[in-house]
Amino acid sequence: MKILGIETSCDETAASVLSEGKVLSNIISSQLNLHRKYGGVVPEIASRKHIEVILHVIQEALDLAGITIESLDAIAVTKGPGLIGSLLVGLSVAKAMAFARGIPLIGVDHLEGHLYAIFLETNPPFPYVGLVVSGGHTNLYIVKDFCNYQLLGKTRDDAAGEVFDKLAKLLDLGYPGGPIINKISLNGDPARIHFPRAQLSTEFDFSFSGVKTAASYLLKSLSPEERSSMIPHIAASYQEAIVDMLVDKTFMAAERMGVSTILVSGGVAANTRLREKFMEDGKTRGISIYFPSPHLCTDNGAMIAYAGWKRLQRGDRSPMSLNAYSRKDLMRIS
Ligand code: KG4
Ligand code: ZN
């Protein structure tokens, strides 16, 4: 079965062709440079760029896969969560193509895509605990099988990626902040400043507002000279606090659920300290850790095609009235 996956939930226009779950092509057109000067994604600009480039991106994905639209057996498309205007571009194109060709359309939840991206490279054993950590989400799941998972917890306030971006903004370092803070932290002492680690009564939820507020107060209390000499230490200590919270909660979830496999995906999964700490702790605790390759951790069409393929195999189909949603928590789907 050849399936086209289309992803336009945020600022990446992406399309991929899979054949029996194997990637034939995976094209991603990033809008990062358009949004950089605004310090974040501007929804209207994102939608307008998607509509401009989507057909080129799809054509490139088909060309690279060496097929034409006539050989496609189904179309998978992200239906949410994400920016509504952006999602509607992908949905409209997917519907038009499925209708014109008379082939099945399957709407895919974006987070479900992230949870299965790893299967494009290897086969981790079920069940596993999945942490999806990006600029829009910090969600923890127990994944029992394909199409069978449950949300255990999520952030109460900002997503972890946003918290990285916030510090970079406070320090005037640019956007997106995650990779910048990650790089600067290499020259800093992570133990120099103690940022708070939130303890929530709800077991598997996260909260990053404390660390964000603490950083903003600290910066206000420093002179310009102190501030510039402290930047690497502030970055490293801040990063350490975020990493500690993510790692601790995820291992706690694995322990409580009695599973010995963890998957980490989403843009923040590129963080080198996060990877290092997960790997170190995994070794000591006897838990296998899986990270998809960086290009499959961030938004892409291949993960959407894969999740769509699994749903199509169960006989799922979406109607032509399929609509987009901006926010929805993935609860139990079985
Ligand atoms: O998954 P993604 O590309 O887009 C969505 O948010 O959907 O994630 C982007 C987020 C940004 O907040 C960015 O700062 C963060 O991931 N990020 C990182 C790193 N690389 C990207 N955060 C920490 N360390 C990194 N190396
Ligand atoms: Zn994403």
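His110 and His114 are separated by about one helical turn, because they stand four residues apart in helix α4 (residues 110–116). In this predicted model, both histidines serve as donors to the zinc ion (ligand 2). His110 and His114 each contribute NE2, and Asp299 contributes OD. The coordination distance is 2.1 Å. In sequence, the donor residues follow the spacing H-x3-H-x184-D. Both histidines fall under the 20% cut-off for burial. His110 has a relative accessibility of 3%, so it counts as buried. His114 is buried too, with a relative accessible area of 1%.

The overall fold is built from eleven helices and ten strands. The chain has 334 residues, and a compact globule of that length would have a radius of gyration near 20 Å. The chain has 20 Å, so the value agrees with a compact globule. Along its principal axes, the C-alpha trace spans about 65 × 45 × 30 Å. Buried residues account for 55% of the chain. Among contacts with a separation of 6 or more, 74% join residues 24 or more positions apart.

The exposed surface of the chain comes to about 14100 Å². Carbon and sulfur atoms supply 53% of that area. Charged side chains number 34 positive and 34 negative. The centres of the two sets lie 3 Å apart.

Strand β3 (residues 22–30) contains Ser25. Ser25 has 2% relative accessibility and therefore counts as buried. Beyond residues up to four places away in sequence, Ser25 touches Ser16, Val17, Ala61, Leu64 and Ala65.

Two cis peptide bonds can be described. One runs from Gly80 to Pro81, with omega near -10°. Pro81 sits in the loop between β4 (74–80) and α3 (84–101). Another runs from Phe126 to Pro127, with omega near -5°. Pro127 lies in the loop between α4 and β6 (128–133).

Positive phi values occur at Cys147 and at Asp172. Neither residue is a glycine. For Cys147, phi is about 60°. Cys147 belongs to the loop between β7 (138–145) and β8 (148–154). With a relative accessible area of 1%, Cys147 is buried. For Asp172, phi is near 55°. Asp172 is placed in the loop between α5 (160–170) and α6 (177–185). Asp172 counts as exposed, because its relative accessibility is 68%. Thus Cys147 is buried, whereas Asp172 is exposed.

Key. Residues numbered from 1 in each chain as written. Chains lettered and ligands numbered in written order. Predicted model: local features only at pLDDT ≥ 70, side-chain atom pairs only at ≥ 80, totals over all residues. Heavy atoms only, no water. Helix = DSSP H or I, 4+ residues; strand = E, 2+ residues; numbered from the N terminus. Rg over C-alpha atoms; globule rule 2.2 N^0.38 Å. Buried < 20%, exposed > 50% of the residue type's maximum accessible area, 1.4 Å probe, protein only. Contact = heavy atoms within 4.5 Å. Areas by Shrake-Rupley, 256 points an atom, 1.4 Å probe, with all protein chains shown as cover. Lys, Arg positive; Asp, Glu negative; His and termini not counted. Charge placed at Lys NZ, Arg CZ, Asp CG, Glu CD. Donors = N, O, S within 2.8 Å, 3.2 Å for Na, K, Ca; no water.
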